[in-house]
Amino acid sequence: MVFQIIGVVLLLAFYTCYFGKMLRQKKRGIQTDQMGKGKRGMVKGIELSVKFCTCFVVFAEVLALFLNVSGLPTWCRVAGVLLGIAGVVIFILSVVTMKDSWRAGVPEGEKTELVTAGIYSWSRNPAFLGFDLLYLGLLLMFFHWALFLVTVLAVLMLHLQIVNVEEDFLAQTFGGEYVNYRKKVCRYFGRKG
C-alpha cells in the first residue's frame, strides 16, 4: 500500500507540473503542445510516436500501480522510489528553468530562447531525463514484464526525439551557440572537460 501511495503522489506531482505549465502558457497565448503539429516525414512520425508511447506508458503504470504488481525485492522498489523522486524533481526544475521557452515537441516557427543556466548547465535534456527517471522508478516499484516492455519503448522513443528531432532543431535554430553548449554539457547528465 505504501508503494501505491508513493506512486500516485509521484504521478500527480509530475503531471500537475506538466499540465499546469501547459495551462499557464495557454492563458498567455503560448501553444505548448507542438508534438507532430505542422511537421512532415520522420519528425512528425517520431513526435506522434513519442506522444502515443508517453500516454500509453502512463496507462500501463497506473494499471500496474493499482494492481500493486511487483516481481522485485523491496530494496529494488525503494530504489524505484528514489529514482521516481529524482525524476519528478529534475522535471520540475527543468520546466521552471525553461520559463516560456518550454515546449512539448519542437516549436517550428516560434521564437524561444536557448536555456543553458540552472539545471541546463548540467543536462541538455533534463525534462527528458525526468521522464526517464520517473518511468524507471515506477517500473522498479511495480515491475511486470509488460510494463518493462512499454517503459523501454517510451524511453527509446524519448531518446529518438532528442537525437533525431530536438538536437537538429536546436542546431539549426541557435547555430554556434548550441554547438558550443553541446560541447560543454552532456546530453543527459554531466559536464564535459
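Biologist: What counts as a salt bridge here, and how many does a search of the whole structure find?
Modeller: A salt bridge is a side-chain nitrogen of Lys or Arg within 4 Å of a carboxyl oxygen of Asp or Glu. The model searched is a predicted one. Over the whole structure, the number of salt bridges found is three.

Biologist: Which residue does Asp 100 meet in a salt bridge, and how many residues apart in sequence are the parts tied together?
Modeller: The side chain of Asp 100 meets that of Arg 28, at 2.2 Å from N to O. Asp 100 lies in the loop between H3 and H4, while Arg 28 lies in the loop between H1 and H2, so the parts tied together are apart in sequence by 72 residues.

Biologist: Are Asp 100 and Arg 28 buried, partly exposed or exposed?
Modeller: The relative accessibility of Asp 100 is 24%, so Asp 100 counts as partly exposed. For Arg 28 the value is 57%, and over 50% is the cut-off for exposed. Asp 100 is therefore partly exposed, and Arg 28 is exposed.

Biologist: Which residues are linked in a network of salt bridges?
Modeller: Glu 167 forms a salt bridge with Arg 124, with the closest N and O atoms 2.9 Å apart. Glu 167 lies in helix H5 and Arg 124 in the loop between H3 and H4, so this pair ties together parts 43 residues apart in sequence. Glu 167 also forms a salt bridge with Arg 187, where the closest N and O atoms are 2.7 Å apart. The network therefore links Arg 124, Glu 167 and Arg 187.

Biologist: Why does Glu 167 count as buried, and how does Arg 187 count?
Modeller: Buried means under 20% relative accessible area. Glu 167 has 7% relative accessibility, so Glu 167 counts as buried. At 28%, Arg 187 counts as partly exposed.

Biologist: Where is Ala 104, and is Ala 104 buried or exposed?
Modeller: Ala 104 sits in the loop between helix H3 (74-98) and helix H4 (126-141). Its relative accessibility is 8%, so Ala 104 counts as buried.

Biologist: Which residues does Ala 104 touch, leaving out those up to four places away in sequence?
Modeller: Gly 36 is 68 residues from Ala 104 along the chain, and their C-alpha atoms are separated by 9.7 Å. With residues up to four places away in sequence left out, Ala 104 touches Tyr 18, Thr 32, Asp 33, Gln 34 and Met 35.

Biologist: Which residues touch the most other members of the largest nonpolar core?
Modeller: This core holds 54 residues, and H1, H2, H3, H4, H5 and H6 each supply at least two of them. Tyr 18 touches Phe 91, Trp 102, Ala 104 and Phe 131, not counting residues up to four places away in sequence. The residues that touch the most other members are Tyr 18, Phe 91, Trp 102, Phe 131 and Phe 142.

Biologist: How many residues line the largest pocket, and which element gives the most to the lining?
Modeller: The largest pocket has a volume of about 720 Å³, and 38 residues line it. Helix H1 (2-27), helix H2 (41-67), H3, H4 and helix H5 (145-174) each give two or more residues to that lining. The element that gives the most, with six residues, is H5.

Biologist: How many residues of each class are in the lining of the largest pocket, and which lie nearest its centre?
Modeller: By class, the lining has 26 nonpolar, six polar and six charged residues. Nearest the centre of the pocket lie Trp 102, Arg 103, Ala 104, Gly 105 and Phe 128.

Methods: Residues are numbered from 1 along each chain as its sequence is written. This is a predicted model: local features need pLDDT of at least 70, side-chain atom pairs count only at pLDDT 80 or more; totals for chains, interfaces and linings use all residues. Side-chain values use heavy atoms; hydrogens and water are left out. Helices (H or I, at least four residues) and strands (E, at least two) are DSSP runs, numbered from the N terminus. Buried means under 20% relative accessible area, exposed over 50%, partly exposed in between (1.4 Å probe, protein chains only). Contact means heavy atoms within 4.5 Å. On a 1 Å grid over the protein atoms alone, a cavity is a set of points where a 1.4 Å probe fits but cannot get out, and a pocket is an open set with protein on both sides within 12 Å along at least five of seven lines; lining residues have an atom within 4 Å of a point. Grid points are joined across faces, edges and corners, and a volume is the space filled by probe spheres set on the points. Ala, Val, Leu, Ile, Met, Phe, Trp, Tyr, Cys and Pro count as nonpolar, Asp, Glu, Lys and Arg as charged, and the others, Gly among them, as polar. A nonpolar core is a set of buried Ala, Val, Leu, Ile, Met, Phe, Trp, Tyr and Cys residues joined through side-chain atoms within 4.5 Å.
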